[in-house]
Amino acid sequence: MVCGVGAVAAYRQWSRSVEKGMQADENQLADLEAEQMLSVSGTSVTDQGVTITSEESIVDNHYAYLVFKVEGYTLEEGAQPEFTNVDVSAADGEDLYLDGSGATACNFYNGLIVGENGRAVNADGSEIKTDADGNFLLQYVQDDGSLEYCITLYSTEEGAFIGRELHIEFQGLGAYIENSEEEIRTDIGGTWSFDLTLAGSANTTTFDLDAELGDSDATVIQAILSPLSATIYYEFPYSKYTVETVEPDGTTRTTSLFDEAPAFLGFRMKDGTDIRYLTGGGSSGYENGGNDAENGEMIIYHVIQGYGRVIDVDEIESLLFLKSYPEESEDGETTLTDENLYIVPLQ
């Protein structure tokens with residue numbers, strides 16, 4: 001795959017993208033490390049005066065989240081750092097079982113998280129600054145001058161990354177050039193290669209349910225939750241429909257689609273707060289692609305969804321599903337209320 005462009009002592013220094021970006025507190029990170037879902041590497045490679053260190057990995061049944069520290073490169077204010085190329089592959093040459101559009105992400109951590117209203121905010125609570133043109137001035141550079149690079153891998157194959165040996169190679173370091181054919185300015189033409197064996201844990205909590213989602217014809221029957229991701233199973237009738245579009249050459253194209261169950265949005269926690277904006281990516285669809293079903297037959301529909309953050313499963317009170325979209329207010333905001341949600345208690 002190529003991307004284009006136990007308790008822990010109190011002195012443990014976690015990467016900013018794990019602690020702030022994944023919105024994880026010290027206790028959550030200690031729990032993840034104790035169950036081997038989170039591991040610390042510390043392997044470093046230096047080339048052309050730049051040192052890249054494999055810091056942490058968090059791996060569950062479907063996701064792997066890897067963090068690398070980049071030292072020795074000076075990024076000017078307002079620039080967006082980029083590698084010329086990043087390659088992630090299985091060290092044994094076998095398929096990594098990477099499935100689905102947008103299943104992987106590779107990027108320098110910029111200090112942003114998704115806020116309660118679904119909009120980007122700085123993880124440290126500070127105001128997002130802009131330049132004279134109104135462009136965000138993002139927090140790529142840490143206090144010590146280093147950068148952090150994050151790789152997220154996703155697979156529908158259970159346990160695809162646990163114990164997996166990966167070969168990761170970074171080539172060329174520079175910055176993104178806006179409105180340029182070259183796109184990336186390479187300032188340092190180095191190569192940094194890593195062979196890493198991921199740890200990880202398949203530990204999950206399973207909730208067997210029988211929750212009808214209003215008049216949607218969907219019934220949630222099971223939720224399998226880890227601190228990083230959720231797998232939700234529904235009973236939902238398989239129903240296809242067609243959409244016709246006109247191509248630029250004037251020909252008509254017919255596409256077959258299927259009805260989708262109400263979208264899984266997130267959680268209501270026991271303290272009453274909602275976590276609705278899950279950014280870890282994933283997939284949804286029918287088991288076996290619906291090939292064994294006739295229209296109207298109840299079959300199993302599933303969603304695999306990463307959170308893009310760490311969540312304490314023991315503190316989840318309910319699952320949230322989309323019932324309807326609210327109308328846009330005069331100021332352009334849309335706010336989901338309980339009237340727009342199907343709320344499914346776990347107990």
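This passage describes the nonpolar cores, one strand hairpin and the two largest pockets of a predicted model.

The largest nonpolar core has 34 residues. Within this core, Phe68, Phe83, Ile151 and Phe170 have the most contacts. Strands dominate the list of contributors given here: β3 (50-59), β4 (63-71), β5 (81-90), β6 (105-108), β11 (147-154), β12 (165-176) and β13 (184-197) each supply at least two residues. The most comes from β12, which gives five residues. Ile151 illustrates the packing. Leaving aside residues up to four places away in sequence, Ile151 touches Ala64, Tyr65, Leu66 and Phe68. Ile151 also touches Val86, Val88, Ala105 and Cys106, as well as Ile168 and Phe170. A second core, separate from the one around Ile151, has 32 residues. Phe207, Val220, Phe236 and Ile299 are among them.

Strand β3 also takes part in a hairpin. Its partner is β2 (residues 38-47), and the two strands run antiparallel. Eight bridges join them. In one of these pairings, Val40 is the bridge partner of Glu56 in β3. Two residues lie between the strands of the hairpin. Gln48 sits in the turn and has a positive phi of about 55°.

The pockets were examined next. The largest pocket has a volume of about 1,100 Å³. Its lining comprises 45 residues. Nearest the centre lie Gln23, Thr279, Tyr307, Gly308 and Arg309. Two or more lining residues come from each of α1 (16-21), β4, β6, β7 (112-114), β8 (120-122), β11 and β20 (274-275). Of these elements, β4, β6 and β11 also each supply at least two residues of the largest core. By class, the lining of the largest pocket has 21 nonpolar residues, 16 polar residues and eight charged residues.

The second largest pocket has a volume of about 370 Å³. It is lined by 18 residues. Arg16, Lys20, Gln142, Asp143 and Glu148 lie nearest its centre. Helix α1 provides the largest share of this lining, with three residues. The same helix gives two or more residues to the lining of the largest pocket. In the second largest pocket, nine lining residues are charged, five are polar and four are nonpolar.

Definitions and conventions:
Residues numbered from 1 in each chain as written. Predicted model: local features only at pLDDT ≥ 70, side-chain atom pairs only at ≥ 80, totals over all residues. Heavy atoms only, no water. Core = buried A, V, L, I, M, F, W, Y, C linked by side-chain atoms within 4.5 Å. Buried < 20%, exposed > 50% of the residue type's maximum accessible area, 1.4 Å probe, protein only. Helix = DSSP H or I, 4+ residues; strand = E, 2+ residues; numbered from the N terminus. Contact = heavy atoms within 4.5 Å. Pairing = 2+ DSSP bridges. 1 Å grid on protein atoms, 1.4 Å probe; cavity = no way out; pocket = protein on both sides within 12 Å on 5 of 7 lines; lining within 4 Å. Points joined across faces, edges and corners; volume = space filled by probe spheres on them. Nonpolar A, V, L, I, M, F, W, Y, C, P; charged D, E, K, R; others polar.
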